[in-house]
Number of protein chains: 2
Amino acid sequence: MNAPDTLAHLVPDIHQREVPLALVEALKSRFHERCSTALVVREQHGRDESSFQAPPPAAVVFAESTQDVADAVKLASDSSVPVIPFGVGSSLEGHLLAVQGGISIDLSRMNQVLAINADDLTVTVQAGVTRKQLNEAVKSTGLFFPIDPGADATLGGMSATRASGTNAVRYGTMRENVLALQVVTASGDIIRTGTRAKKSSAGYDLTRLMVGSEGTLGVITEVTVRLYPLPEAISAAICSFPSIEAAVRTTIQIIQLGIPIARVELIDTNTVRMVNANAKLGLIESPLLLMEFHGSPASVKEQAELVQEIATEFDGTAFEWATTPEERTRLWTARHNAYFSAIQSKPGCRAISTDTCVPISRLADCLLDSVAEANASGIPYFLVGHVGDGNFHFGYLIDPDKPEEREIAEKLNHSLVSRALRLEGTCTGEHGIGLHKMGFLLTETGTGAVDMMRSIKRALDPKNIMNPGKIFTL
Amino acid sequence: MNAPDTLAHLVPDIHQREVPLALVEALKSRFHERCSTALVVREQHGRDESSFQAPPPAAVVFAESTQDVADAVKLASDSSVPVIPFGVGSSLEGHLLAVQGGISIDLSRMNQVLAINADDLTVTVQAGVTRKQLNEAVKSTGLFFPIDPGADATLGGMSATRASGTNAVRYGTMRENVLALQVVTASGDIIRTGTRAKKSSAGYDLTRLMVGSEGTLGVITEVTVRLYPLPEAISAAICSFPSIEAAVRTTIQIIQLGIPIARVELIDTNTVRMVNANAKLGLIESPLLLMEFHGSPASVKEQAELVQEIATEFDGTAFEWATTPEERTRLWTARHNAYFSAIQSKPGCRAISTDTCVPISRLADCLLDSVAEANASGIPYFLVGHVGDGNFHFGYLIDPDKPEEREIAEKLNHSLVSRALRLEGTCTGEHGIGLHKMGFLLTETGTGAVDMMRSIKRALDPKNIMNPGKIFTL
């Protein structure tokens, strides 16, 4: 089988390794009906939310325990066959594609909340638990888990891609919030990294080495994360601006003044139009900021007043406040519907998503030039951003049957990433490298650092079976 | 040369590797008077604040640039000779001891502040810059660097040991605050990890792999860290309690309620007595909490009122407040003088320091039993702690000439660490493993995880020349 041209173009060393029939038989004998070779199941596990395609994995194992994962990895390792962990399939960067063949290990049935330690503000879950399920499980404790990447991803997947999202400006990313992991290594051994202590200097930080390793160093099977007390008061606000620049300058000042804002999201005029068309929101069709404040009633009031003052300086108008959960949900509709409204604005399209992140003072420079380029290209796009972190996403809406549109989108992305790197930023704030950004990673971090990553990969996965072909070529 | 018995007992594979005369000559030829073989210089670089002793390094190179470090490492690598990075020598765990011989690279002359990016709340410094120097350099920007491990350590050393200290309860540790590093690898190459972007999903987290690696994977030569706006208001408080348990229970409740306290430090009655004797403070001789609140005037007031309410519930008395810098400094005198007052209370003694850290709900269990054991042992001790993080330090005051005292102290430490591990904590919150806790690391994290660390070490430092003999045996 050959991969489509677009993928071959992006992944220079794509090749399908042989999966021996004996391995599939051994998996079936160990897992019975929990090992599937049905095409529809394999195809479902061989794609994600990216626009890439590859042949599906040879089999899918539905793990129900860490021992299941360890046994599947051991069998695969015996035959030097790749294994690809699968949560809910919400990767945007082709992480789940079996570009070198192999088997998919579906962890979605490992969905037990193992230990809620409310007194310590920690919770330990199996890797297949999703963030919404987790928040439902801890609701009665008065605590919550803030990381919200949009998709209802699994904690395992969020750990593997170092995910973040709207609340990261205040609560940090998975990097800051994972305390400990259980991991199945490339040899099928089970190890633990970290403890439930809030801090530690005990040896190499294997937890943070695994967080963001995109399945290439091991399969994450359990995750311990920090929880936070539900804020006594939450207040949301929406504010329109005459220009993207005004919205961005407002954000920069909020951050530079150290206001502990919990969310600050940019939505550009394009996206407001798409959301208005789709969800009949009747929003003013200009760039807007969606914000949220967490704290005591007094502190929330103080933060909100300060922010309104700053926004007014930059000609922010149409401030609207929401304090009840229902009103807040209504305000956030625009943000939550952005992606689907955009996709529906061009039937049959796929979104090519960018993910640059720059130091906050460089945000205006990075964004404004990229908006000008995107407008000049003629490709429709939406633009949303976790601007408080200097992170934003263009979604270029391309017709997958028109290679020339993909080419334009890739050029726009390339130009945007080059700009972000010049401004001392990164090609990916939260989506990961996957298949798409291997070249950018080299430019960003240099051959020496990528060689160090390769050395670690070779040392921990000598047969190169853990999600091979992602992050870098070996 | 043989190491003293105490060290041989702790470090099973201690052996001195040969340092060829040709290497020393090559170093002298490259570095001239900046390469010293004077005994006094070597001895000064062959010890730290730990109670261990080993033969000094064969030579000391005073680096003035990253290229100096790279050249020294390359020369050492050619002869397979160990290199040990040296900042100010404030390690508590024997990190600086040349247990396998080799050369010391002193980075204290690499003390340039390279870039203050106040608009981005970041600063980049050479590794030899100390935290006080850094705070002096950024003072005029209205920003500060909060990590305060007590000693005026270098940023390189603080990174290498994943240091934290009194402000970590609010601002996190070096793990959360280092954004990017420049590192000289074991082959003498210069790499960069990370960017100035606040978050990133770009490949393996080499930054956090290096943070806490104790010089065993590379020499850190530049550090980019986060800064924070100086709080609009700062308020400090001191409060006495009838028992350690009451002070600890107060702390647990403060944390569980999510009050964003900036510092909460425990000082036990012993230590108060020692400080009173030494600094004539006239404090009530009972356990006390020292606290600090950062924020807007309204938020600081709110936090302080809440905390006073909680403390009163646990019979806290003699609340004293300080808002001016002078008054705050006076209140903190007790904490800052604790170590030296303790040392002076028993002339000629050395302190054997513990560093366990447990989940906050286990703090009382961990602390109270250990206090009882320490009291029963008859060894004098002081006890201070960053209790908001579940981290505390006993300092057992031993006469270095009485092996039986060291033995009792080690037994107390052993019992304390075992207890902390049973309570899902760590043997070291902030000092590192060094020479002293290799056995504890194995117990804490398991053979599988330590084997993974060893694999990484072998891959990145195949000649085992980077600060060998620390963290684990190979």
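Student: Where does E424(A) lie in chain A?

Tutor: This model is predicted. Two helices of chain A frame the answer: α16 (403-422) and α17 (438-460). E424(A) sits in the loop between α16 and α17.

Student: Is E424(A) buried or exposed?

Tutor: Count the C-beta neighbours inside 10 Å: E424(A) has 20. A residue with 20 or more is classed as buried. So E424(A) counts as buried.

Student: Which residues does E424(A) touch, leaving out those up to four places away in sequence?

Tutor: The contacts come from both chains. Chain B gives T195(B) and R196(B). Chain A gives V358(A), P359(A) and R362(A).

Student: What distance separates the C-alpha atoms of E424(A) and T447(A)?

Tutor: Along the chain, E424(A) and T447(A) are 23 residues apart. In space, their C-alpha atoms are separated by 17 Å.

Student: How many residues does each chain bring to the contact between chain A and chain B?

Tutor: Chain A brings 74 residues to the contact. Chain B also brings 74.

Student: Which element of chain B supplies the largest share of the side that touches chain A?

Tutor: Several elements of chain B supply at least two residues each, including α8 (174-177), β9 (190-193), α12 (297-313) and α17 (438-460). The largest share is 13 residues. That share comes from α17(B).

Student: Which class has how many residues on the side of chain B that touches chain A?

Tutor: Sort that side of chain B into classes. Charged residues number 18 and nonpolar residues 26. The polar residues number 30.

Student: What relation superposes chain B on chain A?

Tutor: The rotation is 180°, and the shift along its axis is 0.0 Å. The RMSD of the superposition is 0.0 Å. That is the relation of a two-fold axis.

Student: Why do the copies meet through the same surface?

Tutor: Look at the interface residues of chain B. They are also interface residues in chain A, so the copies meet through the same surface. The share is 100%.

Student: Which element gives the largest share of the side of domain 1 of chain A that touches domain 2 of chain A?

Tutor: The assignment puts domain 1 of chain A at 5-108 and domain 2 at 113-229. In their contact, 16 residues of domain 1 of chain A meet 21 residues of domain 2 of chain A. On the domain 1 side, α4 (66-78) and β3 (83-86) of chain A each supply at least two residues. The largest share, six residues, comes from α4(A).

Technical notes
Residues are numbered from 1 along each chain as its sequence is written. Chains are lettered from A and ligands numbered from 1 in the order in which they are written. This is a predicted model: local features need pLDDT of at least 70, side-chain atom pairs count only at pLDDT 80 or more; totals for chains, interfaces and linings use all residues. Two residues are in contact if their C-beta atoms, placed from the backbone, lie within 7 Å. Helices (H or I, at least four residues) and strands (E, at least two) are DSSP runs, numbered from the N terminus. Ala, Val, Leu, Ile, Met, Phe, Trp, Tyr, Cys and Pro count as nonpolar, Asp, Glu, Lys and Arg as charged, and the others, Gly among them, as polar. A residue is buried if 20 or more other C-beta atoms lie within 10 Å of its own, exposed if 12 or fewer, and partly exposed in between; C-beta atoms are placed from the backbone. Copies are superposed by least squares on the C-alpha atoms of residues with pLDDT of at least 70 in both. Domain bounds come from an automatic or database domain assignment.
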